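Let's take a friendly walk through this fold, one element at a time. Have the sequence and the coordinates open as you read.

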Amino acid sequence: MILTAILLSACAYVSFGRKVSDDEVRLRSGVRAYYDEVVLAFASANHESLTMLFDTAITKPMTREKISAWGKDFFAKNGSAKFKVEHLEYERLGYENAVVLLTYRVETKSGKGNFGGTERDYLTKRGRRWVVTAWEIVGTPKAAP
């Protein structure tokens, strides 16, 4: 009886959707590694590391210089923070480009700088690294709990 309950509960974690190819698994892993770098940039309160994750030609919704200034100001006010990916959905995934729907939250030590939301990120591969070339807010941004 206990074994049956365990097996049935494990089914909640099995996906019966389409088969994912090895190439797609590698591509997803590469894009996910980009978000791991975002986590590290926030954890180290390093605005330069954060800025490097965006394409040099980014303009939407802000330029790379504005991203750098925002990061510098954010980390000066809040110090390091936790960037948490709550949900990641791949809308398009290719060898050179990806479109990702990201739900995230950022938690500061004091709680005063907390924020979160859902955004659509447009990523492009530059050499071996993914960078965001544009993003747009989906829905209404919110303060993290």
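A good place to begin is the pair E3 and E4: ten bridges join these two strands, and they run antiparallel. One of the pairings to look up is that of Thr 118, whose bridge partner in E4 is Val 138. Keep in mind as you look that this is a predicted model. The two strands form a hairpin with two residues between them, and in the turn Gly 127 has a positive phi of about 70°.

Now turn to helix H2, which covers residues 22-43. With 22 residues at 1.5 Å a residue, H2 should span 32 Å, and its end C-alpha atoms are 31 Å apart, which agrees. Just after the helix comes Ala 45, with a positive phi near 55°.

Which residues of H2 are buried? They are Glu 24, Leu 27, Val 31, Tyr 34, Tyr 35, Val 38, Ala 41 and Phe 42. These residues cover an arc of only 115° around the axis, which puts them on the same side of H2. The face turned away from that buried side carries the exposed residues Asp 22, Arg 26 and Leu 40. And what does the buried side pack against? Its partners are helices H3 (47-51) and H4 (64-78), together with strands E1 (81-93), E2 (97-108), E3 (115-126) and E4 (129-142).

Next, the charged pairs. Side chains of opposite charge can pair when their charged atoms come close. This structure holds twelve salt bridges, and H2 is a handy place to find some of them. Arg 28 forms one with Glu 24, the closest N and O atoms being 2.9 Å apart. Both residues lie in H2, four residues apart, or about one turn of the helix. Glu 24 has a relative accessible area of 15%, so it is buried, while Arg 28, at 29%, counts as partly exposed.

Asp 36 and Arg 32 also meet in a salt bridge, at 3.7 Å from N to O. This pair, too, lies in H2 with a separation of four residues, about one turn. Asp 36 is partly exposed at 38% relative accessible area, and Arg 32 counts as partly exposed at 34%.

Finally, go back to the strands, where the side chains of Glu 91 and Arg 120 meet in a salt bridge of 2.7 Å, N to O. Glu 91 lies in E1 and Arg 120 in E3, so the pair ties together parts that are 29 residues apart in sequence. Salt bridges that share partners join Lys 60, Glu 91, Arg 120 and Glu 136 into one network. Within it, Glu 91 counts as partly exposed, at 35% relative accessibility.

Technical notes
Residues numbered from 1 in each chain as written. Predicted model: local features only at pLDDT ≥ 70, side-chain atom pairs only at ≥ 80, totals over all residues. Heavy atoms only, no water. Expected span 1.5 Å × (residues − 1). Buried < 20%, exposed > 50% of the residue type's maximum accessible area, 1.4 Å probe, protein only. Arc of directions from axis to C-beta. Contact = heavy atoms within 4.5 Å. Pairing = 2+ DSSP bridges. Salt bridge = Lys/Arg side-chain N within 4 Å of Asp/Glu carboxyl O.
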